[in-house]
Amino acid sequence: MKLDTRIVRAGITPDPTTGSILPPIYETATFVLEKVGKDKGFDYTRSSNPTRQVLEENLAAIEGAQYGVCFASGMASVDSVMKLLSAGDHVVCSDDVYGGVSRHFNRVLARYQLSFSFVDSSDAAAVRAAIKPETRMLWIETPTNPLLKVTDMEAMAEIARENDILLGVDSTFATPVFLRPLEFGADIVVHSTTKYLSGHNQIIGGCVLTNREDIFQEMKFIQKTIGAVPSPMDCWLVLLGLKTLHLRMARHEESGMKVAQYLEAHDKIVKVRYPGLPSHPQHNIAAAQMDGFSGMISFELKGGISAGKTIMNSVKLCALAESLGAVETMITHPATMTHVDVPEEERRARGLTDGLVRISVGIEDSEDILNDLDQALALV
């Protein structure tokens, strides 16, 4: 099946009991065994659930993976992947990552003798130079959050193979519609299903996708043992959102390009970061490995933090909200919102300035989005 068909149909069959075209919501904690030692494939929802299993199979098919494992949040997915490591192991990580990942690596996992080196993963030479004898994983976001740097997946896979380390990729911004890292040699792909995959701001969730059975078995063990699992209702809601993923992503990209071009031409904007613009430093790499550019844009305002707050407090259509990837356009000030826990010195070193604004372009009429930004920028 082609991707658009897989998105709508893969892993989903009519319910054998009733013929329901949608999978049932098995909102139950436990399952009755036929007899001691014999069940119908399920015994306890923390371990497995029929609704969750349908979602996991659907997500795996969309990503082009053999296996999928769902978790209660994107961060639970990241944490579960990090449990593949042991004390003393080292991770090379993209320097521009979601603030929650920085917080988790630096303030939680570092207490368990894991060490992290944050490097610009758009620079393959810098990544190669950061590898140590104790390095066990290369962790990449592409495009990154919030600076939208793009990493060359083939280069990262080559480095991982050369050093016999795992390559994990957070591909939340791109989605499987625009990028499938497993095709480039990644071992693990993570998504926050909260974002584009569910697409409607209706749930919190995450998933881990892989072609390696050993990683899948370990993820299933961690899923069962830790219990950071999504509810059956949340899984069902993600399944509903996924059915229109390819249609939504086309609209996100179409409007995203219009907004990026508008911002790049505005005299109050210092810089626009959008992989679809020829001015983006890694535009050629993005165009070569991605099938589209999504709806995520970041831009830097003249006037610093006061200018950022002005536009945030002046938008009327765009929602001032921390999330992204939904049908509604959302605007965020990373320095005071999504990345507030990143130390100021580190933020500035990464290029995350006080005037940086991140916008997740929704699927409203693009003219309305542009008009809203125009009136807000007029007040800056």
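**Entry 1: Phe216 and Tyr67**

I began with Phe216, which counts as buried because its relative accessibility is 17%, under the 20% cut-off. I keep in mind that this is a predicted model. Next I looked up Tyr67, which counts as partly exposed at 22% relative accessibility. I then counted aromatic pairs and got four. Tyr67 and Phe216 form one that is stacked, with 4.5 Å centre to centre and 15° between the planes. I noted where each ring sits: Tyr67 belongs to strand β1 (residues 67–71) and Phe216 to helix α8 (residues 213–226), so the pair ties together parts that are 149 residues apart in sequence.

**Entry 2: another ring pair**

I turned to Tyr274 and Phe293. How far apart are the centres of the rings of Tyr274 and Phe293? I found 6.5 Å between the centres and 65° between the planes, so this pair is edge-to-face. Tyr274 is in the loop between β8 (269–273) and α11 (283–289), and Phe293 is in the loop between α11 and β9 (296–301), so the pair ties together parts 19 residues apart in sequence. I checked burial too: Tyr274 and Phe293 are both buried.

**Entry 3: Met296**

Staying with strand β9, I looked up Met296, which lies in that strand. Met296 counts as buried, because its relative accessibility is 1%. I listed its contacts, leaving out residues up to four places away in sequence, and Tyr274 from my last entry is among them. The others on the list are Leu148, Phe173, Tyr196, Arg273, Leu324, Arg358, Ile359 and Ser360. I also took one long distance: Met296 and Val36 are 52 Å apart in space, C-alpha to C-alpha, and 260 residues apart in sequence.

**Entry 4: helix α2**

I followed helix α2 (residues 50–63) from end to end. Its 14 residues reach 20 Å from first C-alpha to last, close to the 20 Å expected at 1.5 Å a residue. I found eleven of the 14 residues of α2 buried, so the rest of the structure largely encloses this helix. Among the buried ones I wrote down Pro50, Glu56, Ala60 and Glu63.

I then asked what packs against α2. Helix α9 (residues 232–242) does, at an angle of about 35° and with the axes 8 Å apart. I noted the crossing of α2 and α9 as left-handed. On the α2 side the contact is made by Thr51, Arg52, Val54, Leu55, Asn58, Leu59 and Ile62. On the α9 side I listed Pro232, Cys235, Trp236, Val238, Leu239 and Leu242. How do the residues of the contact of α2 with α9 divide? I counted ten nonpolar, two polar and one charged.

**Entry 5: helices α3 and α4**

I looked at a second helix pair. The axes of α3 (residues 74–82) and α4 (residues 99–107) come within 11 Å and cross at roughly 35°. Is the crossing of α3 and α4 right-handed or left-handed? I found it right-handed. Helix α3 brings Met75, Val78, Asp79 and Met82 to the contact, and α4 brings Gly100, Val101, His104 and Phe105. I sorted them by class and got five nonpolar, two polar and one charged.

I also picked out Ser77, which lies in α3. Ser77 counts as buried, because its relative accessibility is 0%. Setting aside residues up to four places away in sequence, I found that Ser77 touches Phe71, Val190, His191, Gly206, Cys207 and Val208.

**Entry 6: helix α12**

For helix α12 (residues 304–314) I listed the buried residues: Ala307, Gly308, Ile311, Met312 and Ser314. What covers the buried residues of α12? My list includes β9, β10 (319–320), β11 (330–332), β12 (356–360) and α14 (366–377).

**Entry 7: backbone details**

I finished with the backbone. I found a cis peptide bond from Thr142 to Pro143, with omega near -15°. The bond from Asn145 to Pro146 is cis as well, with omega near 10°. Pro143 is in the loop between β4 (135–141) and α6 (153–163), and Pro146 is in the loop between β4 and α6 too.

I also noted positive phi values in residues that are not glycine. Asp164 has phi near 55° and sits in the loop between α6 and β5 (166–170). Thr175 has a phi of about 65° and lies in helix α7 (residues 175–178). Are they buried or exposed? Asp164 is exposed, with a relative accessible area of 71%, whereas Thr175 counts as buried at 1% relative accessibility.

Conventions: Residues are numbered from 1 along each chain as its sequence is written. This is a predicted model: local features need pLDDT of at least 70, side-chain atom pairs count only at pLDDT 80 or more; totals for chains, interfaces and linings use all residues. Side-chain values use heavy atoms; hydrogens and water are left out. Axes are lines fitted to C-alpha atoms, for helices over the stretch in contact, and angles run from 0 to 180 degrees between N-to-C directions. Helices (H or I, at least four residues) and strands (E, at least two) are DSSP runs, numbered from the N terminus. A crossing is left-handed if the near helix is turned anticlockwise from the far one by less than a right angle, and right-handed if clockwise. Contact means heavy atoms within 4.5 Å. Ala, Val, Leu, Ile, Met, Phe, Trp, Tyr, Cys and Pro count as nonpolar, Asp, Glu, Lys and Arg as charged, and the others, Gly among them, as polar. Rings of Phe, Tyr and Trp (its six-membered ring) pair if their centres lie within 6.5 Å; planes under 30 degrees apart count as stacked, over 60 as edge-to-face and the rest as tilted. Buried means under 20% relative accessible area, exposed over 50%, partly exposed in between (1.4 Å probe, protein chains only). The expected span of a helix is 1.5 Å times one less than its number of residues.
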